[in-house]
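Me: Let us go through this chain by question and answer. Keep it brisk.

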Amino acid sequence: MMSPVSVAIALGMTYNGAEGSTKTAFEETLRLNDLTREEINNIHNELIDYLVSADNRITFTIANSIWYKKLYNVLQTFIDASKKYYYAEVRDMDFSDPASVNIINNWIAQKTDDKVRDVLDNTSEDIVMYLINALYFNGLWQYEFEEKNSFQGKFFGDNEDLNVKYMRNTSSYRFFQNELLSVVELPYGSGNFVMDVFLPKEEKCIEDLLSQMNSSNWKEWMGLLKEPEKISVQLPQFKYQYKSLLNNPLCNMGLEEAFDSRANFSGINPDANFFISRVIHQTFIDVNEKGTEAAAVTVIEIKDTASMDNTKYFIADKPFIYAIREIKTGALLFMGKVGHPEYK
């Protein structure tokens, strides 16, 4: 689960410190080419203002903060832009103090109604800044799923079938279907916020759907949602958390320069050499008969290039293949795949 808005706002704050080719990389990654910095800041500012007031029957909050190294020289123009356009709280902090982790994590928990916790695992003396966005959403369904209609049923998962609790409701929903998928739009509150559910057709699978989920198809599908009609919806309850490091995805989108020694963040401090060391994204969602509660946090960690080293890392944190062989003959004694490691 990702929050594109959270990531975009956190990157928008960071963008104000970028100059030269790093600034251009931000504009290309955010898909905001040919706009001035002031126009981009105004876009984010208007988005924040609109979202938090779009539906008075929905609770939706956006909080931003910047934490910088104590006694560090941060340009006042950067601080002023963060406060003016992003309403950011700005604080200095001693990151060598172990207590700083709890202080920042507690701020995040407070802004997400305690739904996102322990985002940061540690801080260190070589960190110069954290830029943080936190979102919290709590909305009741416009057409509530009555609990008396809920039932236990089978869910056909990727690897195994599960027995889950289904919610069921028949109301007027916007809907469309084609040979690939069916889409239903479930509104919250006054209808300003909705959940779109994309379901592959019977002969299709989720991979077929993902392969077609691009910007042009998305616009087409949204345009094909018809006037509300009577639809019977059956949806499983679900509740989970997700945490991911966004360094590689953002590099693949064009922001690679900001993560290495080429980075130019002279808009934060003209005399220092900064780079983005980590972009941490953590989310929470709870979907039940009453509605949906969700939260997301994006943390952008910035370090000084003096702390960079040439260490290479191999982190086997996803499915991998292994082989045991004899070197002289090349004989493969054992070979296997680990997709769900267990050790008992």
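The questions below cover the fold, the cores, the aromatic pairs and the salt bridges of this predicted model.

Me: How many helices and strands are in the chain?
Reply: The C-alpha atoms fill a box of roughly 70 × 65 × 40 Å along the principal axes. DSSP runs in the chain come to eight helices and 13 strands.

Me: Of the contacts with a separation of 6 or more, what share joins residues 24 or more positions apart?
Reply: The chain has 344 residues, and buried ones make up 45% of them. Among contacts with a separation of 6 or more, the share from residues 24 or more positions apart is 68%.

Me: Which residue in the turn between E12 and E13 has a positive phi?
Reply: E12 covers residues 320–325 and E13 covers residues 332–338. The two strands run antiparallel and are joined by six bridges. They form a hairpin with six residues between them. In that turn, a positive phi of about 75 degrees belongs to Gly-330.

Me: Which residue in E13 stands opposite Ile-324?
Reply: Strands E12 and E13 are antiparallel partners. Opposite Ile-324 in this pairing stands Phe-334.

Me: How many residues does the largest nonpolar core have?
Reply: Phe-26, Met-129, Leu-186, Phe-265, Ile-276 and Ile-302 have the most contacts inside this core. A second, separate core has 21 residues, including Leu-120, Ile-127, Tyr-130 and Ala-295. The count for the largest core is 64 residues.

Me: Which phenylalanines does Phe-265 touch, leaving out residues up to four places away in sequence?
Reply: Phe-265 is among the residues with the most contacts inside the largest core. Its list of contacts includes Thr-14, Gly-17, Ala-18, Thr-22, Ala-258 and Ile-276. The phenylalanines on that list are Phe-26, Phe-274 and Phe-275.

Me: Tyr-72 and Phe-274 form an aromatic pair; how many residues apart in sequence are the parts it ties together?
Reply: The pair is tilted, with 5.8 Å centre to centre and 40 degrees between the planes. Tyr-72 is partly exposed at 24% relative accessible area, whereas Phe-274 is buried at 2%. Tyr-72 lies in the loop between E1 and H4 and Phe-274 in strand E10, so the separation is 202 residues.

Me: Is the pair of Trp-141 and Phe-145 stacked, tilted or edge-to-face?
Reply: Trp-141 is buried at 5% relative accessible area, and Phe-145 is buried at 0%. Both belong to one aromatic cluster with Phe-60, Phe-137, Tyr-188 and Phe-193. Their ring centres lie 5.6 Å apart. The planes are 70 degrees apart, and over 60 counts as edge-to-face.

Me: Why does the salt bridge of Lys-70 with Asp-92 tie together separate parts, and how many residues apart are they?
Reply: The closest N and O atoms of Lys-70 and Asp-92 are 3.8 Å apart. Both residues are partly exposed, Lys-70 at 46% relative accessibility and Asp-92 at 33%. Lys-70 lies in the loop between strand E1 and helix H4, and Asp-92 in strand E2, so the parts are apart in sequence by 22 residues.

Me: How far apart in sequence are the parts tied together by Asp-121 and Arg-278?
Reply: Their side chains meet in a salt bridge of 3.3 Å, N to O. Arg-278 is buried, with a relative accessible area of 18%. Asp-121 lies in the loop between H5 and E3 and Arg-278 in strand E10, so the distance along the chain is 157 residues.

Me: Is Lys-303 buried or exposed?
Reply: Lys-303 forms a salt bridge with Asp-126, with the closest N and O atoms 3.6 Å apart. Lys-303 is in strand E11 and Asp-126 in the loop between H5 and E3, 177 residues apart. Asp-126 is partly exposed at 26% relative accessibility. Lys-303 has 19%, and under 20% counts as buried.

Me: How many disulfides does a search of the whole structure find?
Reply: A disulfide is a covalent bond between the sulfur atoms of two cysteines. Cys-205 is partly exposed at 34% relative accessible area. Cys-251 is buried at 19%. The number of disulfides found is zero.

How values were computed: Residues numbered from 1 in each chain as written. Predicted model: local features only at pLDDT ≥ 70, side-chain atom pairs only at ≥ 80, totals over all residues. Heavy atoms only, no water. Pairing = 2+ DSSP bridges. Helix = DSSP H or I, 4+ residues; strand = E, 2+ residues; numbered from the N terminus. Salt bridge = Lys/Arg side-chain N within 4 Å of Asp/Glu carboxyl O. Buried < 20%, exposed > 50% of the residue type's maximum accessible area, 1.4 Å probe, protein only. Disulfide = S-S within 2.5 Å. Core = buried A, V, L, I, M, F, W, Y, C linked by side-chain atoms within 4.5 Å. Contact = heavy atoms within 4.5 Å. Phe/Tyr/Trp six-rings, centres within 6.5 Å; stacked < 30°, edge-to-face > 60°.
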